[in-house]
Amino acid sequence: DNVELYIVNESLQLLPDGDVGELVIAGACLAEGYLNQSALTSEKFIDLTIPEKGTVRIYRTGDLARYQTDRTIEFLGRRDDQVKIRGHRVELGELEVIINQIDGVKQAVVVAREGLVGQKRLIAYLVGTTDQVNQAGIRKQLEQRLPEYMMPSAFVWLADFPKTSSGKVDKKQLPDPELKRPDLTTAYRKPKTTDEQAIARVW
């Protein structure tokens, strides 16, 4: 009782159903703050103006979510899981939701890791619904749903995810992907011309 949940944007404005924003909590359930951490308290426990209600005290969860049409809340990951890939902002939680909807995927976790030249790249860790993985088919489904910059550069299939003591996925324990050519729908073709061979050597 007396718990209120809102979805707000970065300017702390209420968002309509379907829009992704930060989940904030109001009501009698709130704590007074963090013990002996005044700076964190002032950052997380703030006032929010609600139309027809006035000013209410809220707690900023840092969770990304959205209200669905039936007023249930869909959780989309952490706000601090937002990364920049080649100049584009990518919400890792939202990307995970999309991959989890693909046939053949039981659960997906996406992380951003530094590549060999210092640029971040997206790595998708997947648990399949069966032992037989159709990676080419899964990649094709994703290409139809995702813009190019959101496509993971590597897919790592696991039997299960490593877990922390609290039961959450331990992203620090996820293995590095193998440095090999991914399973693409286009067959490999050796460079033939002098220009193609020169480009291949440089690349």
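**Figure 1. Burial and surface of the predicted chain.** Of the 203 residues in the chain, 34% count as buried. Keep in mind as you browse that this is a predicted model. The accessible surface of the chain adds up to about 13,600 Å², and carbon and sulfur atoms account for 48% of that area.

**Figure 2. Helices and strands along the chain.** Here you can trace the secondary structure, which comes to four helices and ten strands. Starting from the N terminus, the elements follow the order β-β-α-β-β-β-β-β-α-β-β-α-β-α. The chain is more spread out than a compact globule, because its radius of gyration is 21 Å, well over the 17 Å that the globule rule gives for 203 residues. Measuring tape in mind, the C-alpha trace spans about 70 × 35 × 35 Å along its principal axes.

**Figure 3. Contacts across the sequence.** This view turns to residues that touch although they are at least 6 apart in sequence. Among such contacts in the chain, 49% join residues at least 24 apart.

**Figure 4. A nonpolar patch at the surface.** Val-3, Leu-5 and Ile-73 make a nonpolar surface patch of about 210 Å². One of these residues, Leu-5, deserves a second look. Leu-5 sits in strand 1, which covers residues 3-8.

**Figure 5. Close-up of Leu-5.** Is Leu-5 buried, partly exposed or exposed? Its relative accessibility is 32%, so Leu-5 counts as partly exposed: buried would mean under 20%, and exposed over 50%. In this view, then, you are looking at a partly exposed leucine that belongs to strand 1 and shares a nonpolar surface patch with Val-3 and Ile-73.

Definitions and conventions:
Residues are numbered from 1 along each chain as its sequence is written. This is a predicted model: local features need pLDDT of at least 70, side-chain atom pairs count only at pLDDT 80 or more; totals for chains, interfaces and linings use all residues. Side-chain values use heavy atoms; hydrogens and water are left out. Patches are made of residues with over 30% relative accessible area and no salt bridge: like charges are joined within 9 Å, nonpolar side chains (Val, Leu, Ile, Met, Phe, Trp, Tyr) within 5 Å. Accessible areas come from the Shrake-Rupley method with a 1.4 Å probe; for residues, only the protein chains shown count as cover. A salt bridge is a side-chain nitrogen of Lys or Arg within 4 Å of a carboxyl oxygen of Asp or Glu. Helices (H or I, at least four residues) and strands (E, at least two) are DSSP runs, numbered from the N terminus. Buried means under 20% relative accessible area, exposed over 50%, partly exposed in between (1.4 Å probe, protein chains only). The radius of gyration is taken over C-alpha atoms; the globule rule is 2.2 Å times the number of residues to the power 0.38. Contact means heavy atoms within 4.5 Å.
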